[in-house]
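Let's read a structure together, one feature at a time. A learner asks, and a teacher replies.

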Amino acid sequence: MSKKIAIGGDHAGFAYKQDLIKILEGKGYEVKDFGPFTDESVDYPDFVHPLCQAVVSGEYLQGVIICGSGNGVAITANKHQEIRAAICWNGDLAALARQHNDANLIAIPARFVSFELTEKMVDVFLNTPFEGGRHARRVNKIPC
């Protein structure tokens, strides 16, 4: 799996994003920050769409998107045919998103999970392989 990670979201996820970037870079990941770059109110699609385009292009294989509920960024991301963004609020969901759904983005609900849990979920997500097999058949049926 690539060590290049895309990250972005909205103002509610700004602080978590900034802290995650430092941690991921400390683990050897090359992190591209798609914004926002302050905690002032923004429109998350302005940051999530370019992030998704970079993942779809293959420049990044995985990414982290963060907003208050995780819903807005995930809904936006999942408009892209080759994106599978999964909202996660515990480590088991992060693992299953990768194992069973080959999710390429983890969506974090920053207002509902601690930063410590966020760090754990992102680590699990980035280090869990897709199981393939029967799950690949299902994943291949997702695009419209």
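The dialogue below goes from the whole chain to single residues.

Q: How many helices and strands are there in the chain?
A: Keep in mind that this is a predicted model. The chain has six helices and five strands, and from the N terminus on they run β-α-β-α-β-α-β-α-β-α-α. The radius of gyration is 14 Å, close to the 15 Å from the globule rule for 144 residues, so the chain is as compact as a globular protein of that length.

Q: Among contacts between residues at least 6 apart in sequence, what percentage join residues at least 24 apart?
A: That share is 71%. As for burial, 48% of the 144 residues count as buried.

Q: Now for one residue: is T76 buried or exposed?
A: Buried means under 20% relative accessible area. T76 has 9% relative accessibility, so it counts as buried. T76 sits in helix α3, residues 71-77. A polar atom of the T76 side chain lies 2.9 Å from the backbone oxygen of G72. Leaving aside neighbours within four places in sequence, T76 is in contact with Y44, P45, V48 and H49.

Q: Which backbone features should I look for?
A: Most residues other than glycine have a negative phi, and most peptide bonds are trans. Here, the peptide bond from G35 to P36 is cis, with omega near 10°. P36 is in the loop between β2 (30-33) and α2 (45-56).

Q: And where is D102 found?
A: D102 is in the loop between α4 (91-101) and β5 (105-109). Its phi is positive, near 50°, in a residue other than glycine.

Notes. Residues numbered from 1 in each chain as written. Predicted model: local features only at pLDDT ≥ 70, side-chain atom pairs only at ≥ 80, totals over all residues. Heavy atoms only, no water. Helix = DSSP H or I, 4+ residues; strand = E, 2+ residues; numbered from the N terminus. Buried < 20%, exposed > 50% of the residue type's maximum accessible area, 1.4 Å probe, protein only. Polar contact = N/O pair within 3.5 Å; in protein donor to acceptor, adjacent residues only side chain to side chain. Contact = heavy atoms within 4.5 Å. Rg over C-alpha atoms; globule rule 2.2 N^0.38 Å.
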